[in-house]
Each structure stands twice: as structure tokens, then as C-alpha cells.
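User: Hey, can you walk me through this one? I'd like to start with a single residue and work outwards.

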Amino acid sequence: MGFGDLKSPTGLQVLNNYLADKSYIEGYVPSQADVAVFEAVSGPPPADLHHALRWYNHIKSYEKEKASLPGVKKALGKYGPANVEDTTGSGATDSKDDDDIDLFGSDDEEESEEAKRLREERLAQYESKKAKKPALVAKSSILLDVKPWDDETDMAKLEECVRSIQADGLVWGSSKLVPVGYGIKKLQIQCVVEDDKVGTDMLEERITAFEDYVQSMDVAAFNKI
Amino acid sequence: MAAVAELTLLEKSLGLSKGNKYNAHGERQIPVLQTNNGPNLTGLTTIAAHLVKQANKEYLLGSTAEEKAIVQQWLEYRVTRVDGHTNKDDIRILLKDLNSYLEDKVYLTGYNFTLADILLYYGLHRFIVDLTVQEKEKYLNVSRWFCHIQHYPGIRQHLSSVVFIKNRLYTNSH
């Protein structure tokens with residue numbers, strides 16, 4: 001139930017249709033139901049909504065005796081046509097207690113409560129299962145190109161320096177020297193890192209720190225394992 | 001409804017104890033009220049206005065000058081237009097006019113219940129009873145007004161309650 005947003009044209013349209021064959025929101029005398037809806041309407045409805053405007057002016061004439069009108073005020077969503085969904089409440093929970101015929105909806109509250117419980121149970125089950133499973137460590141295999149300054153650089157020393165870098169989650173693999181040209185060779189070295197612990201930025205920083213030997217360093221290949 | 005019976009109804013709804021005696025006069029059964037002091041009162045609306053005063057419910061005759069005039073106008077309408085017609089076409093025109101008049105009004109005078117509503121209700125009752133569901137929906141504003149008045153405390157009395165369907169069936173006709 002409800003009129004939707006009574007400040008919007010659509011809400012007023014619903015109100016207008018509702019009041020076409022009624023003089024009051026509820027029953028045949030002005031009541032708190034009228035006051036509640038009246039207060040929710042921001043101002044006189046536009047002139048083309050005859051029924052809403054008529055009702056508005058009529059209730060306005062009761063302004064002074066507003067408090068003494070019979071009835072008990074209910075939530076705004078409790079009034080109005082039964083086939084319009086209540087949007088005045090705070091979301092899904094409110095729409096449960098309207099008694100319109102919802103052919104495709106859930107039958108009653110109990111069932112949806114049951115479904116909710118089941119869902120939570122499953123969620124908890126899933127969580128615990130996930131916790132028990134050993135966390136999969138993401139690893140990557142990286143192929144690095146390390147280039148020396150010139151052909152006189154001691155490549156054996158360079159490799160030794162690179163391999164001297166120790167870090168948690170870093171394992172050095174095989175290496176080879178690849179000729180680049182003019183007798184210069186670069187060091188191609190494989191390593192396996194744990195993604196969480198070692199980054200390529202850190203590797204680059206550490207390797208280029210041996211500036212006596214290393215001119216530059218590239219990541220030739222980066223593969224997730 | 002005979003005017004005499006109608007005045008008796010009105011008496012009851014105004015809360016008057018039955019103390020007046022009416023005579024029906026002439027061919028058109030015009031009611032005459034024999035008062036204790038003063039001249040006889042003749043005619044439905046005259047007597048009705050007298051009864052309202054007797055019951056100290058002057059507000060039913062309208063509270064402002066304009067409202068009083070509107071009440072008077074509708075009482076006249078009731079006697080001259082509603083009572084005079086019995087054929088279907090006339091009633092249809094009457095209801096159509098009334099329907100458009102009532103579109104922006106809750107009561108005949110606007111927002112106050114008056115004698116005009118009571119008498120027009122009594123006058124229209126025999127026609128409204130015979131309306132089909134479709135017609136009731138066609139004259140939606142009249143239906144709303146009529147339904148409202150018949151639920152007004154103390155008005156309907158022994159008259160049959162006219163049923164109005166809550167859901168609209170013929171959406172195109174309105």
C-alpha cells in the first residue's frame with residue numbers, strides 16, 4: 001500500500017486516482033489518515049489532478065481541528081491503494097506486511113525467514129570451508145635481463161652480485177650469458193618470487209644498486225605460476 | 001419518495017422529536033406544515049429550512065452569504081429539476097451535469113455539509129438505486145458524493161444502502 005512519493009508527480013497521480021471515488025483517505029469522515037497524507041503532500045496538487053486537489057482543499061479546511069480528528073495516525077505506507085508498493089518505508093522489510101496479492105512473490109514471512117536462515121547457514125559453511133583450505137600462494141617466474149657497462153665487465157662477478165640478493169620469497173634459478181654484440185654479453189637469469197613478498201620494483205632497485213657492474217636491468221618475461 | 005415521508009426522514013436525521021404534522025396538498029402532493037404560531041408553511045424546501053432552524057442547526061443552511069446562496073440554489077434545483085423528471089434521458093443529463101459539478105467538490109457547497117446535500121441525497125436516492133454498475137462508474141463523482149452522504153451519520157436511516165464497487169471496471173468510460 002501507499003502512494004509512493006507524494007512529492008513527485010507520479011505519487012500525486014496515484015493519490016488522484018485513489019481519491020476519484022473517495023472523499024477521504026479512510027472511511028467517510030476526516031480522520032488522522034487524512035492528516036497523515038495531507039502532511040506528506042508538499043503543497044496543493046496541480047489543477048489537473050481534480051480529485052487530489054479537491055481532497056487537499058477539503059482537508060485544508062480542517063486545519064484548525066486537525067489534532068482533534070478521530071483515528072490514530074499510521075505510517076504513510078499503510079494508506080492508499082493496495083496494489084501500489086510502499087516506497088515510504090526503509091526498504092524491503094516494509095513491503096512484507098502489505099496484504100496485496102502478489103502472485104509471484106513469496107507466500108509469507110515465515111518462508112522468507114526460513115530462506116534467510118538457510119542462506120546464512122550456507123554462507124557460514126562456505127566461510128569455514130574456505131578458512132580450512134591452505135591459502136594458495138601466488139607465485140611468478142621472472143626472467144631478468146641484466147646488462148653490463150661494457151665488454152670488460154666481469155660477468156662472473158656480476159652474476160655473483162645478483163645472486164647475492166637474498167629476500168624472503170625469492171629463489172634464484174638458472175642463468176646464462178647472451179651475447180648482445182661487440183663482445184658484450186648480458187646476463188639472463190631466472191627467478192621465482194612470491195607475489196605478496198617480492199615485487200619487480202624491489203628487484204630492480206637491488207640489482208641496479210651494484211652500479212659498478214650493472215648498467216641497466218629489464219624484465220624480459222613475467223609469468224604467473 | 002413522497003415529500004411528507006422525506007420531511008419525516010429529515011426530522012429524524014436532524015434529531016427532532018416527531019412533533020410536526022404534515023398535510024399533502026393538491027395534485028403534486030405539496031407538503032404543508034401547520035405551525036402552532038403563525039402561518040402555514042408550504043413546500044418542501046421551506047419546511048426543511050424551518051426544521052433546520054427548529055433543530056438549531058443553522059450551519060446546515062450555509063455559514064457564509066455565498067454558501068447560503070448556494071444551498072438555496074441547490075434546494076431549488078432539487079425541487080424543480082430532480083423532482084420534476086422521471087424519464088431516463090432527463091436523469092442521465094442531470095447526473096452528467098452533477099458529475100462534472102462535483103468533480104472538485106466534496107459537498108455541494110464545496111467543503112461543508114449542508115441541507116442541500118441531505119435533500120439532494122433523498123431526492124436522488126430512487127434514481128441511484130436503479131443505476132447499473134457501469135453507470136455508477138460513469139458518474140464517478142456523483143457516486144463518490146452519494147456514497148459519502150449515505151455514510152454521513154444519521155442521514156440514510158431506512159433507505160437502502162447503495163453499493164458502490166471499489167474497483168473500477170470500465171476504465172475507458174470515465
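Analyst: Sure. Keep in mind that this is a predicted model. Let's start with Y170(B), which counts as partly exposed because its relative accessibility is 31%.

User: Where does Y170(B) sit in chain B?

Analyst: Y170(B) is in the segment that comes after α7 (140–150) of chain B.

User: And which residues make a nonpolar surface patch with Y170(B)?

Analyst: V133(B), I165(B) and L169(B) do, and together with Y170(B) they form a nonpolar patch of about 340 Å² on the surface.

User: OK, zooming out. How many helices and strands are in chain B?

Analyst: Chain B has seven helices and three strands. Going from the N terminus, the order is α-β-β-β-α-α-α-α-α-α.

User: How much of chain B counts as buried?

Analyst: 48% of its 174 residues. As for the outside, chain B exposes about 9100 Å², and carbon and sulfur atoms supply 50% of that.

User: New topic: what area is buried between chain B and chain A?

Analyst: About 1500 Å², with 56% of it coming from carbon and sulfur atoms. On chain B's side, E103(B), Y111(B) and R144(B) supply 39% of the area that chain B buries against chain A, more than any other three residues.

User: How many residues does each chain bring to the contact?

Analyst: Chain B brings 17 residues and chain A brings 15.

User: How many salt bridges are there across the interface of chain B and chain A?

Analyst: The rule finds zero salt bridges there. For polar contact, though, it finds six residue pairs across that interface.

Definitions and conventions: Residues numbered from 1 in each chain as written. Chains lettered and ligands numbered in written order. Predicted model: local features only at pLDDT ≥ 70, side-chain atom pairs only at ≥ 80, totals over all residues. Heavy atoms only, no water. Patch = residues over 30% accessible without salt bridge, like charges linked within 9 Å, V, L, I, M, F, W, Y side chains within 5 Å. Areas by Shrake-Rupley, 256 points an atom, 1.4 Å probe, with all protein chains shown as cover. Salt bridge = Lys/Arg side-chain N within 4 Å of Asp/Glu carboxyl O. Helix = DSSP H or I, 4+ residues; strand = E, 2+ residues; numbered from the N terminus. Buried < 20%, exposed > 50% of the residue type's maximum accessible area, 1.4 Å probe, protein only. Contact = heavy atoms within 4.5 Å. Buried area = accessible area lost by both parts, 1.4 Å probe. Polar contact = N/O pair within 3.5 Å; in protein donor to acceptor, adjacent residues only side chain to side chain.
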